[in-house]
Amino acid sequence: MDRIRIRGGHRLNGEIHISGAKNAALPLMIASLLTDDTLTLRNVPRLADVALLMRILGNHGVDISVDGKRAGMNGIQGDTMHLTARTIVDTTAPYEMVSRMRASFWVLGPLLARCGQARVSLPGGCAIGTRPVDMHLQAFEALGAKVDIEAGYVLASAPGGLKGARISFPKVSVGATHAALMTAVLARGESVIENAAREPEITDVAHCLAAMGAQIEGIGTSTLHIQGVERLHSATHEVLPDRIETGTYAMAVAMTGGDVQLIGARQDLFDSVVDVLGQAGVAVQETNRGVRIHRNGTGLQPVTVTTAPYPGFPTDMQAQLMALMTRSEGVSTITETIFENRFMHVQELARLGADISLDGDCASVRGVERLRGAEVMATDLRASVSLVIAGLAAEGETTVHRVYHLDRGFERLEKKLVACGAEIERLAS
Ligand code: UD1
């Protein structure tokens with residue numbers, strides 16, 4: 001398994017191009033199942049999760065090419081993807097695939113809407129808590145599907161077709177909102193989704209569905225009104241920039257000091273993170289090319305942050321913020337409200353010399369004068385990048401093991417950082 005070796009202590013200066021958002025690209029690719037026409041996506045990030053989803057969609061019969069070439073099994077080269085689900089040849093998504101990436105469970109809704117049935121393994125993905133799918137199933141049942149669970153698989157069918165319904169979620173869920181929306185667009189009549197997640201990636205998918213002919217009102221709000229249509233058609237859509245990647249590099253610059261332009265980033269997508277960086281003493285400026293982050297000299301101030309659904313502080317930035325706060329001049333409090341068990345980076349950060357104590361869902365981070373390089377283990381996608389951020393500021397050498405987690409969600413991470421002066425390299429096993 002590959003490792004990443006970092007020699008810390010270099011400031012970051014220069015430019016980093018922000019990729020398309022993983023969490024939008026995945027559901028957008030899945031949306032291609034809803035039409036027999038071609039969906040063209042631009043600005044698709046080159047990530048292991050995207051490559052895996054290409055294989056999963058390929059199994060269902062989706063014909064996929066990237067920049068005009070049929071994609072190989074080992075990832076993709078370009079960033080324009082054409083997906084054509086002319087005929088769905090298989091409505092089963094097997095355990096071997098779905099267990100490797102939770103978002104692949106989201107194929108269930110579109111398969112059900114298009115083919116009247118689907119059989120999808122219960123998901124796996126990052127080990128950050130139990131992550132049930134009860135609200136997804138609630139949405140399918142509300143829309144008239146019969147749902148059973150058998151031998152680890154969800155079997156959903158709607159022989160008479162799906163019917164629009166009111167779906168009121170008890171809790172905000174990104175995945176359940178995607179599922180409900182992508183299913184309701186082809187259901188007969190009107191659907192209303194209440195307490196919908198408002199993450200920008202949902203808005204991006206809703207805009208793409210609208211370009212494909214779906215009728216959706218309330219995009220960007222917590223109540224979505226959908227008027228079902230008989231069929232969707234081809235469209236071209238550009239994936240929005242990755243706000244988590246943006247925030248992650250912003251934290252990295254905040255950590256090391258320096259001055260970096262995040263090209264193509266959109267500040268309006270990560271306001272809550274910008275607020276927190278401001279409180280910590282880091283300057284963030286919108287420019288005509290993206291967002292500029294700089295910190296020179298002054299110490300980092302501690303912050304008090306609680307994760308929340310959008311527009312709150314994202315759980316996907318919690319680990320990176322914690323890494324940053326290990327160097328603040330005081331005690332920070334970070335509360336995780338979205339996922340239990342999302343503190344696996346704490347013990348790894350401690351190996352680098354961080355002083356963090358945990359009390360249930362709340363972490364107290366006492367800033368230390370210096371971190372020292374060590375061997376650490378990546379445990380999930382966002383946790384692993386927090387170790388990279390800490391390693392960039394640690395004295396000496398840090399080796400991050402199990403970097404395949406990073407490759408799931410960060411495009412060319414080492415190359416982007418090296419270009420800004422970091423000493424970081426990948427060691428193949
Ligand atoms: C998505 C993101 C992930 C992010 C998360 C929260 C993608 C590919 N993944 O994950 O990066 O960390 O949103 O912003 O976009 N829940 C239930 N029942 C359900 C579904 C969810 O109880 O049926 C709970 C979860 O356990 C969790 C909370 O709802 O406590 C939010 O999870 P959800 O928003 O669904 O996360 P994902 O869509 O899996």
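Mentor: A residue counts as near a molecule when one of its heavy atoms lies within 4 Å of that molecule. Please keep this cut-off in mind, and note that the structure is a predicted model.

Trainee: Which residues are the closest to the ligand, and how many surround it?

Mentor: The ligand is surrounded by 20 residues. Asp134, Ser173, Val174, Asp316 and Ile338 are the closest.

Trainee: What makes the approach of isoleucine 338 to the ligand a polar contact?

Mentor: A polar contact requires a pair of N or O atoms within 3.5 Å. In isoleucine 338, a backbone N or O atom is 2.5 Å from an oxygen atom of the ligand, and this pair therefore satisfies the cut-off. Two further residues can be judged in the same manner. A polar backbone atom of methionine 135 lies 2.7 Å from a ligand oxygen, and an N or O atom in the side chain of arginine 102 lies 2.9 Å from an oxygen of the ligand. The protein buries 90% of the 740 Å² that the ligand exposes when taken alone.

Trainee: Which helices supply residues of the shell around the ligand?

Mentor: At least two residues come from each of helix 5 (134–142) and helix 6 (174–184). Helix 5 gives the largest share, three residues. Sorted by class, the shell holds nine nonpolar, six charged and five polar residues.

Trainee: How do you know that the ligand lies between domain 1 and domain 2?

Mentor: The shell around the ligand receives residues from both domain 1 (3–19 + 241–427) and domain 2 (22–238), so the ligand lies between them. The centres of these domains, taken over C-alpha atoms, are 30 Å apart. Their contact takes 22 residues from domain 1 and 19 residues from domain 2.

Trainee: Why is threonine 256 called buried?

Mentor: A residue is buried when its relative accessible area is under 20%. Threonine 256 has 13% relative accessibility, so it meets that condition. This residue belongs to helix 8 (residues 243–256). A polar atom of its side chain lies 3.4 Å from the backbone nitrogen of leucine 12. Beyond its neighbours within four places in sequence, threonine 256 has contacts that include His10, Leu392 and Arg295.

Trainee: Why is arginine 295 also called buried, given that its value is 11%?

Mentor: The cut-off is under 20%, and the 11% relative accessible area of arginine 295 satisfies it, so the residue is buried. Arginine 295 is part of strand 18 (residues 290–295). The side chain of arginine 295 reaches the backbone oxygen of alanine 254 at 2.6 Å. Arginine 295 and valine 282 are 13 residues apart in sequence, while their C-alpha atoms are 5.4 Å apart in space. Valine 282 is also among the residues that arginine 295 touches.

Trainee: What makes proline 27 a buried residue?

Mentor: Its relative accessibility is 0%, which is under the 20% limit, and therefore proline 27 counts as buried. Proline 27 lies in helix 1 (residues 22–31). Among its contacts beyond four places in sequence are Trp106, His178 and Val205.

Trainee: Why is helix 10 described as mostly covered?

Mentor: Helix 10 spans residues 318–325, and eight of its eight residues are buried. Gln318, Leu321 and Met325 are among them.

Trainee: Why is alanine 151 called exposed, whereas asparagine 195 is called partly exposed?

Mentor: Exposed means over 50% relative accessible area, and partly exposed residues fall between 20% and that value. Alanine 151 has 78% and is therefore exposed; asparagine 195 has 29% and is therefore partly exposed. Alanine 151 sits in the loop between strand 9 (146–150) and strand 10 (153–157). Asparagine 195 sits in the loop between strand 12 (190–194) and helix 7 (200–211).

Trainee: What is noted about the phi angles of these two residues?

Mentor: Neither residue is a glycine, yet phi is positive: near 50° for alanine 151 and about 60° for asparagine 195.

Trainee: Which residues does a cis peptide bond join?

Mentor: The cis bond joins tyrosine 310 and proline 311, with omega about 10°. Proline 311 is located in the loop between strand 19 (304–306) and helix 10.

Technical notes: Residues are numbered from 1 along each chain as its sequence is written. This is a predicted model: local features need pLDDT of at least 70, side-chain atom pairs count only at pLDDT 80 or more; totals for chains, interfaces and linings use all residues. Side-chain values use heavy atoms; hydrogens and water are left out. A polar contact is a pair of N or O atoms within 3.5 Å; within protein, one must be able to donate a hydrogen and the other to accept it, and residues adjacent in sequence count only if both atoms are side-chain atoms. Accessible areas come from the Shrake-Rupley method with a 1.4 Å probe; for residues, only the protein chains shown count as cover. Helices (H or I, at least four residues) and strands (E, at least two) are DSSP runs, numbered from the N terminus. Ala, Val, Leu, Ile, Met, Phe, Trp, Tyr, Cys and Pro count as nonpolar, Asp, Glu, Lys and Arg as charged, and the others, Gly among them, as polar. Domain bounds come from an automatic or database domain assignment. Buried means under 20% relative accessible area, exposed over 50%, partly exposed in between (1.4 Å probe, protein chains only). Contact means heavy atoms within 4.5 Å.
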